[in-house]
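Biologist: Could you take me through this model, with the cut-offs behind each term as we go?

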Amino acid sequence: MNTESPQVKACDLCKSVTELTPYSVLPGGFNNNEIAVCAACLSELAQTDKPDSRYWRFLAEAMWSEIPAVQVLSWRILSRLKDEDWAAGCLEILYLDDDLLAWAKAGVTEETEELTEVHRDSLGNELQNGDSVVLTRTLDVKGSSLNARMGTVVKNIRLVSDNTDQVEGKIEGQTIVILTRYLRRQKS
């Protein structure tokens, strides 16, 4: 008589113990590109608009999985949610080696790539060189005694060309780099 209990499988993403479906992380050609996902994750993965950030909060833990396909999928979803503070924080600390990063980027649609090339403020408004912005929180400027207070207007900003999360602006005569998630465009 076999007294061993059957091994219980959990979703590779959210860890829920339920009926699982195989899911291939495309493009193919990479080793072990199939993971097991629950119906809820499969339904969310099928969404074509912006992912539901409330649902995907478990990625903060899942992104550390030892399964490369889970790491790649986590990077892709977090990249689509990078306007959310928690997702941006996860992306900042998530490390993928060069091969995994290439795999992650290979599965990103052209539409998503176009969106990442645009500087956006905390409300999602597109920013342009020369715009005026308002700080949405008080910021301590690294390497300086300057304290940029919430509500400060920064005029004539310059977009940082190689990083859509940053702009440059002058506060009290000092040029600083400001993260776009801490500002909103001032109406003209």
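The exchange below turns from the nonpolar cores to a sheet and then to a pair of helices.

Modeller: This is a predicted model, in which local features need pLDDT of at least 70 and side-chain atom pairs count only at pLDDT 80 or more, while totals for chains, interfaces and linings use all residues. Residues are numbered from 1 along each chain as its sequence is written, and side-chain values use heavy atoms, with hydrogens and water left out.

Biologist: Which element gives the most residues to the largest nonpolar core?

Modeller: A nonpolar core is a set of buried Ala, Val, Leu, Ile, Met, Phe, Trp, Tyr and Cys residues joined through side-chain atoms within 4.5 Å, where buried means under 20% relative accessible area, exposed over 50% and partly exposed in between, with a 1.4 Å probe and protein chains only. The largest core has 29 residues, of which Leu-13, Ile-35, Trp-56 and Leu-78 touch the most other members. Elements giving two or more residues to this core include strand E2 (34-38), helix H1 (39-45) and helix H3 (68-80), these being DSSP runs numbered from the N terminus, with at least four residues for helices (H or I) and at least two for strands (E). With seven residues, the element that gives the most is H3.

Biologist: Why does Ile-171 count as buried?

Modeller: Ile-171 lies in strand E8 (residues 166-171) and is included in a second, separate core of 15 residues. Leaving aside neighbours within four places in sequence, Ile-171 is in contact (heavy atoms within 4.5 Å) with Leu-135, Leu-146, Ala-148, Thr-152, Val-154 and Ile-176. Ile-171 counts as buried because its relative accessibility is 5%.

Biologist: Which residues make up the uncovered face of E8?

Modeller: In a regular strand the side chains alternate between the two faces of the sheet. In E8, the covered face consists of Val-167, Gly-169 and Ile-171, whereas the uncovered one consists of Gln-166, Glu-168 and Lys-170.

Biologist: Which strands stand at the edges of the sheet?

Modeller: Three strands form an open antiparallel sheet in the order E7-E8-E9, two strands being paired if DSSP finds at least two bridges between them. Each edge strand has a single partner strand, so one side of each is left without a neighbour in the sheet, and these are strand E7 (158-159) and strand E9 (174-179).

Biologist: In E9, what is the bridge partner of Gly-169?

Modeller: E8 and E9 run antiparallel and are joined by six bridges. They form a hairpin with two residues between them, and Glu-172 in the turn has a positive phi of about 50 degrees. The bridge partner of Gly-169 in E9 is Ile-176.

Biologist: Why are H3 and H5 described as oblique to each other?

Modeller: Axes are lines fitted to C-alpha atoms, for helices over the stretch in contact, and angles run from 0 to 180 degrees between N-to-C directions. Angles under 35 degrees count as roughly parallel, over 145 as roughly antiparallel, 65 to 115 as roughly perpendicular and the rest as oblique. The axes of H3 and H5 come within 9 Å and cross at roughly 50 degrees, and the two helices are therefore oblique.
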